[in-house]
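Biologist: I'd like a close look at one part of this protein, the strand pairing in the smaller stretch of numbering and whatever packs around it. Could you take me through it slowly, and then tell me how it fits with the rest of the chain?

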Amino acid sequence: MNLPKCISLANLPTPIQPLERLSAELGVSISVKRDDFTGMEVSGNKVRKLEFAVALALEQGADVLVTCGGLQSNHARATAAVARKLGLECHLVLRGKPEEVEGNLFLDLLLGAKVTFLEAEVFNSSHLEVMEELKRNYERMGKKAYLLPMGASNAIGSFGYFKAYKEILSQDIFFDNIVCAVGSGGTQAGLVLGNILHGYKHQVYGIPIVDDSRVFGPVVRGLVGECLNLMGMDSAFDEEAIKFLDGYAGRGYALNTREELAFIRNIARLEGILFDPVYTGKAFRGMVEEVKKGTLQGRTLFIHTGGLYGLFPKAMEFMEVLDEKDSDYL
Ligand SMILES: Cc1ncc(COP(=O)(O)O)c(C=O)c1O
């Protein structure tokens with residue numbers, strides 16, 4: 001198999017931990033792959049994608065990494081940190097105007113990233129043009145800028161989760177299901193690619209934390225096909241390999257319901273594990289609901305893709321559920 005080049009940025013392999021009390025309560029086996037342990041500054045799922053995406057940037061002689069995302073983007077913060085680790089500059093194009101500097105945005109600034117803030121509508125309609133313009137500006141200054149897409153979710157970045165899939169196989173614990181959050185599709189695409197190329201050993205499910213499978217189906221299909229192409233293989237594959245569990249995006253991107261926050265609180269108190277409110281908390285809750293419905297049977301592995309700095313901007317919202325009586329755990 002021809003794999004693109006990658007550099008080493010993450011602490012790997014990440015451990016797989018069983019959640020014993022939760023499993024006993026649900027009567028199934030649930031484990032978590034702790035990709036929130038891949039690092040501190042460069043943490044979560046982003047670092048696995050950046051190992052591939054940034055290798056290409058370095059090969060092309062980049063001086064500046066330019067990328068985009070929401071104000072609290074984990075990917076933006078991870079890119080800002082990677083840039084510094086490699087002695088590069090970073091320029092972020094972020095959606096929205098901050099009322100406060102906190103969480104990931106604070107870390108972006110601490111790491112010295114330059115930030116262009118765009119009103120949400122302007123970001124949605126023209127962030128790509130703005131990034132291209134920045135690239136031309138850097139060129140005029142004699143610097144080479146390399147543009148990374150949102151979430152580093154292009155085919156190159158997705159190879160990070162192909163490698164993660166192989167890591168799971170090497171950890172020698174069998175799972176029936178592998179479940180991850182979906183925000184831009186690259187994590188799921190890499191896992192699906194791994195599953196396809198290793199004989200469909202698992203059911204790989206993505207849980208959209210914004211939109212739904214109608215939006216992400218074509219995205220993930222496209223990424224898997226492109227990865228196969230880059231590997232010099234036939235890009236046709238059984239599309240049944242891409243499975244989604246819809247219905248857990250709640251109020252929308254980075255917005256939470258009281259039930260979601262209470263769920264994150266309950267799991268923290270039951271298992272001593274923290275999930276973030278934007279991605280993993282919603283997806284893990286979806287996974288538990290689907291176990292209860294009987295959709296997910298047997299042994300399930302949830303990929304904890306990180307995002308914990310996203311808890312801090314939500315502290316005041318969490319205060320409302322912290323003192324509630326711990327009724328049912330789930
Ligand atoms: C913490 C966290 N988990 C999950 C995701 C979703 O991964 P992907 O963008 O590859 O779908 C993201 C980013 O979007 C993230 O920051």
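**Strand 4 and its surroundings**

Modeller: Let's start with the map. The domain assignment splits the protein chain into domain 1, made of 16–41 plus 161–322, and domain 2, which covers 44–152. Keep in mind that this is a predicted model. The centres of the two domains, taken over C-alpha atoms, are 24 Å apart. Where they touch, domain 1 puts in 20 residues and domain 2 puts in 17. On the domain 1 side, the elements giving two or more residues are helix 6 (155–170) and helix 7 (186–197). Helix 6 gives the most there, with three residues. By type, that side of domain 1 divides into six nonpolar, 10 polar and four charged residues.

Now for the part you asked about. I'd pick strand 4, residues 89–95, as the place to zoom in. Six of its seven residues are buried, so strand 4 is mostly covered, given that a residue is called buried when 20 or more other C-beta atoms lie within 10 Å of its own.

Strand 4 has a partner on each of two pairings I can walk you through. One is strand 3, residues 64–70, which pairs with strand 4 in the parallel sense over seven bridges. If you want a spot to click on, V66 has H91 in strand 4 as its bridge partner. To get from strand 3 to strand 4, the chain passes through helix 3 (residues 74–85), and that β-α-β crossover is right-handed.

The other pairing is with strand 5, residues 114–118: here strand 4 is again parallel, with five bridges. A handy marker is V93, which stands opposite T116 in strand 5. This step also has a helix in it: strand 4, helix 4 (residues 103–110) and strand 5 form a right-handed β-α-β unit. When you look along these strands, it helps to remember that side chains in a regular strand alternate between the two faces of the sheet.

Two residues are worth a visit on the helical side of this region. Take L111, in the loop between helix 4 and strand 5. Leaving out residues up to four places away in sequence, L111 touches A80, A81 and R84. The stretch given for helix 3, residues 74–85, takes in those three contacts. L111 has 19 other C-beta atoms within 10 Å, so it counts as partly exposed. Buried would need 20 or more. For a sense of distance, the C-alpha atoms of L111 and N2 are separated by 35 Å, and the two are 109 residues apart along the chain.

The second is K85, which lies in helix 3. K85 is partly exposed too, because 14 other C-beta atoms lie within 10 Å of its own. K85 and F159 are 74 residues apart in sequence, and their C-alpha atoms are 21 Å apart in space.

For contrast, have a look at an open sheet elsewhere in the chain. It has six strands in the order 1-2-10-7-8-9, with mixed pairing. Its edge strands are strand 1 (16–18) and strand 9 (243–244), each pairing on one side only. At one end, strand 1 and strand 2 (residues 29–33) pair in the antiparallel sense over three bridges, with V32 in strand 2 as the bridge partner of Q17. Strand 2 then runs parallel to strand 10 (residues 299–303), joined by five bridges. V32 shows up again here, opposite F302 in strand 10. At the other end, strand 8 (residues 203–208) pairs with strand 9 in the parallel sense over two bridges, and Y205 has K243 in strand 9 as its bridge partner.

Finally, step back to the whole chain. There are 11 helices and 10 strands. The C-alpha trace spans about 60 × 50 × 35 Å along its principal axes. A compact globule of 330 residues would have a radius of gyration near 20 Å, and the chain's 19 Å agrees with that. Buried residues make up 45% of the 330. And of the contacts between residues at least 6 apart in sequence, 76% join residues at least 24 apart.

Note on methods: Residues are numbered from 1 along each chain as its sequence is written. This is a predicted model: local features need pLDDT of at least 70, side-chain atom pairs count only at pLDDT 80 or more; totals for chains, interfaces and linings use all residues. Domain bounds come from an automatic or database domain assignment. Two residues are in contact if their C-beta atoms, placed from the backbone, lie within 7 Å. Helices (H or I, at least four residues) and strands (E, at least two) are DSSP runs, numbered from the N terminus. Ala, Val, Leu, Ile, Met, Phe, Trp, Tyr, Cys and Pro count as nonpolar, Asp, Glu, Lys and Arg as charged, and the others, Gly among them, as polar. A residue is buried if 20 or more other C-beta atoms lie within 10 Å of its own, exposed if 12 or fewer, and partly exposed in between; C-beta atoms are placed from the backbone. Two strands pair if DSSP finds at least two bridges between them. A crossover is right-handed if, with the strands pointing away from the viewer, the path from the first strand over the helix to the second runs clockwise. The radius of gyration is taken over C-alpha atoms; the globule rule is 2.2 Å times the number of residues to the power 0.38.
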